Amino acid sequence: MLIHDQSRSGRRAPAQAPRQAAAVSDLPAHLRRKRRPPLPEVSELQVVRHYTRLSQKNFSIDTHFYPLGSCTMKYNPRACNSLVSLPGFLGRHPLAPDSHSQGVMACLFELQEMLKEVTGMHAVSLAPAAGAQGELAGVAMIRAYHQARGDDARTEILVPDAAHGTNPASAVMCGFQVKEIATGESGDVDIAVLRNAVGPQTAGIMLTNPSTLGVFDRNIQEIAASIHGAGGLLYYDGANLNAILGKVRPGDMGFDVIHINLHKTFSTPHGGGGPGAGPVGVSERLEPYLPVPLVAYDGTDYSWLDETLRPDSIGRLTAFGGNMGILLRAYVYARMLGAEGMRRVAEYATLNANYLLKCLTEAGFEPAYGNRRASHELILTLRQEAKELGVNTMDFAKRLLDYGYHPPTTYFPLLVPECLLIEPTESETREELDGFVQAMIDIRKEAREHPDLVKEAPHRMPVRRLDEVRAARHLDLAWRPASGDG
């Protein structure tokens, strides 16, 4: 039942009303409402029950196994949230002077240093407010570097065909042309294709390593040598950093710039469109172009470095110093883990992925890259199930909901037919993984014996299968009174 259907005229929840109403007189007359908005009139208990019921209908990492590949939907320790909610953090005004912000700035400076160490980079800026914004900043710094050298002929960014979709978008937004590089049969970048594509027009390459194919590119040193030899730079998409955290550093692989999804690897809230944080790290040659502000420390005091002190910076990406609450959560998480804990994250994330790969393969499912071990995620192809049983990847995904599992990522990357991209993360127990494997086995049995049961799933959710094309083309999310005068 919609909360509007429970509305009764005159019903109120006064305890939740704002203590001080906004000064309507301060608003221009043409911006003021002519009548009250059509909000439901309900009691406090009705509000509590309504939103509690809604939360119980959701899949979340707090309630279900959530193996979305490429997204790293792992558990967020409650300690991170509680410590960031301390009054000193919550009460700090973003315009407070440096002298009143030394504690917060000390935490941010230490986070910069920890991210430098774990990525092998020369310097880090915390400013980008999302992974995609970090991507944009990384490519913008590559552009600034070439422009400063007067190297205007570098018009191309190379992007593997297994890359995240935001990679080519970021390159185009920075004015580059995108040249796609093919992936070989084993999941590595095709070196022969890469060599033919590299030239004086190459500004750089955007790579995720391990890639979205769930494997570590074994040719990374050769790729770096080829790009650097042609005068280009290497950009590292940090979406899959969870797989190598504390084990291998992008800087040591030869990368010049990296963005880090703190809302993936460093266990801050992820999903529902945000919030996020995408700090960028750079090699020494790109350090002057980092986005501002940065936190500096002179041995006594902490201070913000802005445009006046860093004239070559690509500029500001946010109004202040980035998503402060997310950055501080990541700081707490990093301090809790320490260096040894970060290594364990990568070890257990990789162990869980390879355990799933082994179990699912032994159960008869087809891995997309059967000759490779998984990194932090693995890919199955359900092409045989689709061909022989008429039940496709989307059908499996919808049926998993009935078994209490959020589906893995479907149909991405596009290179793999009937793709299922699964990332268990380091947080899950063996029993949880075994339950997921058994659910996949049971669904395949259903597909053989009762295919319509799988094709028409889900059956136990609040909403059955939607016409997704119609929903996308005729999206209607606004409630309107029956009279139509709302």
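## A walk through the predicted model

T72 sits in the loop between α1 and α2. This is a predicted model, and T72 is a good place to start looking at its backbone. Although T72 is not a glycine, its phi is positive, at about 50°. The residue counts as buried because its relative accessibility is 1%.

T425 makes a natural companion. T425 is found in the loop between β13 and α14, and its phi, near 65°, is again a positive value in a residue other than glycine. With a relative accessible area of 2%, T425 is buried.

Two cis peptide bonds are also worth finding on your screen. One joins V292 and P293, with omega of about 5°, and P293 belongs to the loop between β7 and β8. Another joins A457 and P458, where omega is about 5°; P458 lies in the loop between α15 and α16.

### Helices α14 and α13

From the loop that holds T425, the chain can be followed to α14. Helix α14 covers residues 430-449, 20 residues in total. From its first C-alpha to its last it reaches 29 Å, close to the 28 Å expected at 1.5 Å a residue. Its buried residues are L433, F436, V437, A439, M440, I443, R444, E446 and A447. Many of these positions are spaced in a way that invites a reminder: an α-helix has 3.6 residues a turn, so residues three or four places apart point the same way. The cover over the buried residues of α14 includes α11 (324-362), β11 (378-381), α12 (383-389), α13 (393-402), β13 (419-422) and α15 (451-455).

What does R444 lie over? R444 is placed over the face of F365, at 4.2 Å from the ring centre.

Why is α13 described as largely enclosed by the rest of the structure? Nine of its 10 residues are buried, so the helix is largely enclosed. The buried residues are T393, D395, F396, A397, K398, R399, L400, L401 and D402. They pack against α12, β12 (409-410), β13, α14, α15 and α16 (468-473).

### Aromatic pairs

In the whole structure, a search finds nine aromatic pairs. A pair of aromatic rings is described by the distance of the centres and the angle of the planes. Here are two of them:

| Ring pair | Centre distance | Plane angle | Type |
|---|---|---|---|
| F65 and F436 | 5.4 Å | 80° | edge-to-face |
| F266 and Y333 | 6.3 Å | 85° | edge-to-face |

The F65 and F436 pair links distant parts of the chain, with F65 in the loop between α1 (44-57) and α2, F436 in helix α14, and their positions 371 residues apart. F65 counts as buried because its relative accessibility is 2%, and F436 counts as buried at 0%. Ring pairs also bring in Y405, linking F65, Y405 and F436 into a cluster.

The F266 and Y333 pair links distant parts of the chain too: F266 lies in the loop between α10 (262-265) and β7 (280-282), Y333 lies in helix α11, and the two are 67 residues apart. Both F266 and Y333 are buried.

### The nonpolar cores

F266 leads on to the largest nonpolar core. Which of its 55 residues touch the most other members? They are L115, L194, L262 and F266. Two or more residues each come from α2 (78-84), α4 (102-119), α7 (191-197), β4 (202-207), α8 (220-229), β5 (233-238), β6 (257-260) and α11. Helix α11 gives the largest share, 12 residues.

L194 shows what such contacts look like. Leaving aside residues up to four places away in sequence, L194 touches L158, I181, V189, I205, I223, S226 and I227. Apart from the largest core lies another, of 26 residues, among them A140, I142, Y289 and L290.

### Cysteines

How many disulfides does the structure hold? The number is zero. For C80, the closest cysteine sulfur is in C107, 13 Å away, which is too far for a bond. C80 is buried, with a relative accessible area of 2%. For C419, the closest cysteine sulfur belongs to C71, and at 13 Å that is again too far for a bond. C419 counts as buried, its relative accessibility being 0%.

Methods
Residues are numbered from 1 along each chain as its sequence is written. This is a predicted model: local features need pLDDT of at least 70, side-chain atom pairs count only at pLDDT 80 or more; totals for chains, interfaces and linings use all residues. Side-chain values use heavy atoms; hydrogens and water are left out. Helices (H or I, at least four residues) and strands (E, at least two) are DSSP runs, numbered from the N terminus. The expected span of a helix is 1.5 Å times one less than its number of residues. Buried means under 20% relative accessible area, exposed over 50%, partly exposed in between (1.4 Å probe, protein chains only). Contact means heavy atoms within 4.5 Å. A nonpolar core is a set of buried Ala, Val, Leu, Ile, Met, Phe, Trp, Tyr and Cys residues joined through side-chain atoms within 4.5 Å. Rings of Phe, Tyr and Trp (its six-membered ring) pair if their centres lie within 6.5 Å; planes under 30 degrees apart count as stacked, over 60 as edge-to-face and the rest as tilted. A charge sits over a ring if NZ of Lys or CZ of Arg is within 6 Å of the ring centre and within 35 degrees of the ring normal. A disulfide is a pair of cysteine sulfur atoms within 2.5 Å.
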